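Open the structure in your viewer and keep the selection tool at hand. We will go stop by stop, with a note on what to pick and what you will find there.

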Amino acid sequence: MHLKSRNNILKLLTPRSLLCATWLGKIWLGKVWLGTVWLCAAGPGYALDWRGNISTEFTYFPKSSVGTDNWNFNSSVAADVELSHDLADNIRLTVHPFVRWDQQDEERSRVGVKELVLSTSGDSWEFNAGLATVFWGVTESRNLVDIINQTDSVEDIAGDDKLGQLMLNFKWFSDYGDFEAYLLPQFHDRTFSGTNGRPFPGIAVDPDLTTYESSDGITPNDFALRWAHSFDSWDLGLHYFDGTSRDPLLIPQATATGVALAARYPQLQQVGLDAQGLYGDLAIKAELIHQNGNEIESHIEAVTGIEYTLVGLLSPLQDNEKLPTQWCNSDTRNPIKMLACNDRLDLGIVVEYLWDERGELSTHPFQSDLLAGLRFAFNDASSSDALLGLLQDLDGGATTLSLETSTRLFESYRLKVLGRQFLNTADDPSVSALKNESFLQLELSYFF
Amino acid sequence: MFSLIKHRNLALTAAMLLISPTILAETPEERGLAIAIEGDKRDQGYVDSTANMKMVLRNRAGKESIRNVRIKSLEVTGDGDKSLSVFDEPADVKGTTSLTWSHSNKPDEQWLYLPALKRVKRISSKNKSGPFMGSEFAFEDIGSQEVDKYTYKYLRDEDFESAKTFVIERYPTDKNSGYTKQIAWIEQDRHIALKLEFYDRKGSLLKTLISSNYKQYLDKFWRPSILEMTNHQSGKSTTLEFSDYQFQTGLKDSDFSKNALKKQK
């Protein structure tokens, strides 16, 4: 409540005065050092909107790493805030700075900007210029079609965290679907954990060894086109991308201090399809891409599967005359009753198959894998949820178990517990280094 | 878009009203339907509306939890309305936006925008009986109320808190509904619902909704400022407080498109 009233005061103050936001510090885009950025936005009559959070994270690795540094416990603090402000009617500036301090991994301690974008739009069009984030995709395990933004894998190895991408983007919305065009004049390397970071992939990536197929390096002329449309129960998307692969080839290389991985970013042409069909509680999902390039063998990759939601899983129990209402209400702290009498629990079943035509020659470990997941939505006042996932390499390889659960505390906080366990890594050379990297993570975030 | 706030117009049902039989020959079912159609008819022509909604969730021990949502609605002639909800609180879902296109003759379409992921997700609208944001309101309680979504039966005239009301029963036609029946107390003068009882799949009384502090807008449309839902089985309750109602604000169809989801402030 205090926060709300403070928000209101700020919202009242900002429109009437010159609004100046100043960020001092290390702000980098790719390898370009921008030095100190001073940003000032004047806009009488327009309020500032924001959403942000400050989070504290504790991670425990029960086993020691095969890497050079031995540590089992890490702590980290991060903050990010997305600010948007209308500079004039229909011209919006969005700025999204973030900062993280990490106890162990120097690559994870940083200050940066995820978004710095000007947007304007009409009834049937939209234009964005600047550093922005775009999401494409429908599947849960891996989003093959999501090629615009680089993966920020130093945040989390799952690949859901993205870096901002410099772009000029135009969208046109018509009865024949949405047409989108992107010019991408700058490339950002994928981020990787440092030599002290965990989960440690066996050999560290040395950023000094990075090379690009394109002689333009990090200032390429990449572009992308997309068409997306909805047909009754189906949402379809088609795209074409010509430019620098976001997914580097990692090549071991001898250095003065031992062996390190060198990232090589080839040029590629990609066409892709994403589709989702929704039939009641059943969603059918597919993502399919074809890649081709001088340094990339022409090949197809796919992720396809279903998600089926059992809404009110236990409500048939409630509807049963043999389970009297009084029994449920008599002792609400009894865990058996709490479960049996919770008619609000939804259970989602996710099954997806991940495939790469190249098989063992894939540049990633998902050449033939199966994801089986259970998603629990408790639909309580704290919006508690849990996701239990099992990813199995079907070519006799590794198993990854993951558990992610979260709940709201004190209205503005969220507590998240994340556990990942890597099993059967010995038979799978692409992930064998992960055998000691299972971890448990606790994260407490304050939202404002 | 809210139950008991208004009932949607339909060409079909409006036509049925015109040819409805004389009072003398009316069965309880016909009379119940006629009352529902009249309520629907009186709410036609609102064009669009915006409002702020504060939800107060209370558990059995009285502990409160607050949500703040901004709502925009667009009247669609000949079909269900479109509505857009922007969540401001709790802070961890700030900026999350939902878009619903309700339909009278096919399943509703629903999308959710997750700002942290920049992701627009199409979601199933089949989940009628599930709770809305952990509250005592189910999705079907706050969704667009089409006349065709129920069958009706007039029960009796009755005084409710000194107002003359029609008491009618209505039965959801959707097999995914969490209810076997609802009983509504509808004020005769203004054709607005004052009280609604919800009966669960076992046929026992599950919840009671009291709508109060009705205000009239544009000299025509009545909207309640307070909705109080009490769950008799769990002892929990949820209050919805509406403020800042605006009508005919000039919202367009493009403000209720999938692409508009990302642009809400």
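Start by selecting chain B, which holds 3 helices and 13 strands. Helices (H or I, at least four residues) and strands (E, at least two) are DSSP runs, numbered from the N terminus. This is a predicted model, in which local features need pLDDT of at least 70, side-chain atom pairs count only at pLDDT 80 or more, and totals for chains, interfaces and linings use all residues. Residues are numbered from 1 along each chain as its sequence is written, while chains are lettered from A and ligands numbered from 1 in the order in which they are written.

Stay with the whole of chain B for a moment. Along the principal axes, its C-alpha atoms fill a box of roughly 60 × 45 × 35 Å. The radius of gyration of chain B is 18 Å, which agrees with the value near 18 Å for a compact globule of 265 residues; it is taken over C-alpha atoms, and the globule rule is 2.2 Å times the number of residues to the power 0.38. Of the 265 residues in chain B, 44% count as buried. Buried means 20 or more other C-beta atoms within 10 Å of the residue's own, exposed means 12 or fewer, and partly exposed lies in between, with C-beta atoms placed from the backbone.

Next, show chain A as well. Here 31 residues of chain B are in contact with 35 residues of chain A, a contact being two residues whose C-beta atoms, placed from the backbone, lie within 7 Å. On the chain B side, β2 (64–74) and β6 (119–123) each supply at least two residues. That side divides into 7 nonpolar, 13 polar and 11 charged residues. In this count Ala, Val, Leu, Ile, Met, Phe, Trp, Tyr, Cys and Pro are nonpolar, Asp, Glu, Lys and Arg are charged, and the others, Gly among them, are polar.

Now select residues 205–217 and 221–231 of chain B. These are strands β11 and β12, which pair in the antiparallel sense over 10 bridges; two strands pair if DSSP finds at least two bridges between them. Look for B:S212, which stands opposite B:I226 in β12(B). The two strands form a hairpin with 3 residues between them, and B:L218 in the turn has a positive phi of about 50°.

Extend the selection to residues 237–247 of chain B, strand β13, which is antiparallel to β12(B) and joined to it by 5 bridges. B:M229 has B:T238 in β13(B) as its bridge partner. This hairpin has 5 residues between the strands, and B:G235 takes a positive phi near 80°.

Where does the largest share of the largest nonpolar core come from? Select helix α2 (residues 28–42) of chain B, which supplies 5 residues. The core has 37 residues, and among those that touch the most other members are B:I35, B:A36 and B:F132. Such a core is a set of buried Ala, Val, Leu, Ile, Met, Phe, Trp, Tyr and Cys residues joined through C-beta atoms within 7 Å.

Finish in chain A with the open sheet of 3 strands in the order β12-β16-β15, whose pairing is mixed. β12 (211–212) and β15 (249–255) stand at the edges with a single partner strand each, so one side of each lacks a neighbour in the sheet. A:G258, found in strand β16 of chain A, counts as exposed, with 9 C-beta neighbours inside 10 Å.
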